[in-house]
Amino acid sequence: GNAALRLETFRSPGKGGQKVNKVETGVRVRHLPTGLTAQSVTARTQAANKKLALQRLEAMMREQNAKREDALAEAQWRGKAFALFTGIDFVPFKEP
């Protein structure tokens, strides 16, 4: 849910005409459980920047999950590979 997210708005240094330094159009979003942070200042409106920041955060979380799954799969593979060669019947390979 959204309880895990903290949204902050700030004055955006981007394009936007006369109002740009008066209105907080920049949006930063932080996922509290992981500490991942994304922001957007490229759009002219706060709503558009919020959407972009959330999309970036989602992409970062997907990437982190994929890395975690890769590491887990590798650890499981290594665990199995190691287990295959343990036990009483194991005979070390000898060079001829």
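These are my notebook entries on a predicted protein model.

**Ground rules**

I count residues from 1 along each chain as its sequence is written, and I leave hydrogens and water out, since side-chain values use heavy atoms. Local features need a pLDDT of at least 70 and side-chain atom pairs count only at pLDDT 80 or more, while totals for chains, interfaces and linings use all residues.

**Entry 1: confidence**

I started with pLDDT, the predictor's confidence in each residue, from 0 to 100. The protein averages 82, and 71% of the residues score at least 70. Among the elements, strand β3 has the highest mean, 96, and helix α1 (residues 46–84) has the lowest, 87.

**Entry 2: the parts list**

I looked up helices and strands next, taken as DSSP runs numbered from the N terminus (helices are H or I with at least four residues, strands are E with at least two). I found 1 helix and 3 strands. Along the sequence they follow the pattern β-β-β-α.

**Entry 3: the sheet**

Which strands pair with which? I used the rule that two strands pair if DSSP finds at least two bridges between them. Strand β1 (residues 5–10) pairs with strand β2 (residues 26–31) over 6 bridges, in the antiparallel sense. Strand β2 is also joined to strand β3 (residues 36–40) by 5 bridges, again antiparallel.

The result is an open sheet with the order β1-β2-β3. Strands β1 and β3 stand at the edges with a single partner strand each, so one side of each has no neighbour in the sheet. On average, neighbouring strands are turned by 15° against each other, direction ignored. For that angle, axes are lines fitted to C-alpha atoms (for helices over the stretch in contact), and angles run from 0 to 180 degrees between N-to-C directions.

I then followed single residues across the sheet. Val27 in β2 stands opposite Thr9, and Val27 also stands opposite Ser40 in β3. Arg28 faces Gln39 in β3. In the hairpin of β2 and β3, 4 residues lie between the strands, and Gly35 takes a positive phi near 80°.

**Entry 4: surface and inside**

I noted an exposed area of about 7800 Å², of which carbon and sulfur atoms supply 58%. Accessible areas come from the Shrake-Rupley method with a 1.4 Å probe, and for residues only the protein chains shown count as cover.

How much of the protein is buried? Buried residues make up 17% of the 96 residues (buried is under 20% relative accessible area, exposed over 50%, partly exposed in between, with a 1.4 Å probe and protein chains only).

For contacts, meaning heavy atoms within 4.5 Å, I looked at those with a separation of 6 or more. Residues 24 or more positions apart account for 32% of them.

**Entry 5: two residues up close**

His31 is found in strand β2. Its relative accessibility is 12%, so His31 counts as buried. Leaving out residues up to four places away in sequence, His31 touches Ala4, Leu5, Leu36, Leu57 and Met61. The side chains of His31 and Thr34 share a polar contact of 2.7 Å (a pair of N or O atoms within 3.5 Å; within protein, one must be able to donate a hydrogen and the other to accept it, and residues adjacent in sequence count only if both atoms are side-chain atoms).

Asn49 lies in helix α1. Is Asn49 buried or exposed? Asn49 is buried, with a relative accessible area of 0%. Its side chain reaches the backbone nitrogen of Ala43 at 2.9 Å. With the same sequence neighbours left out, up to four places away, the residues that Asn49 touches include Thr25, Gly26, Val27 and Ser40.
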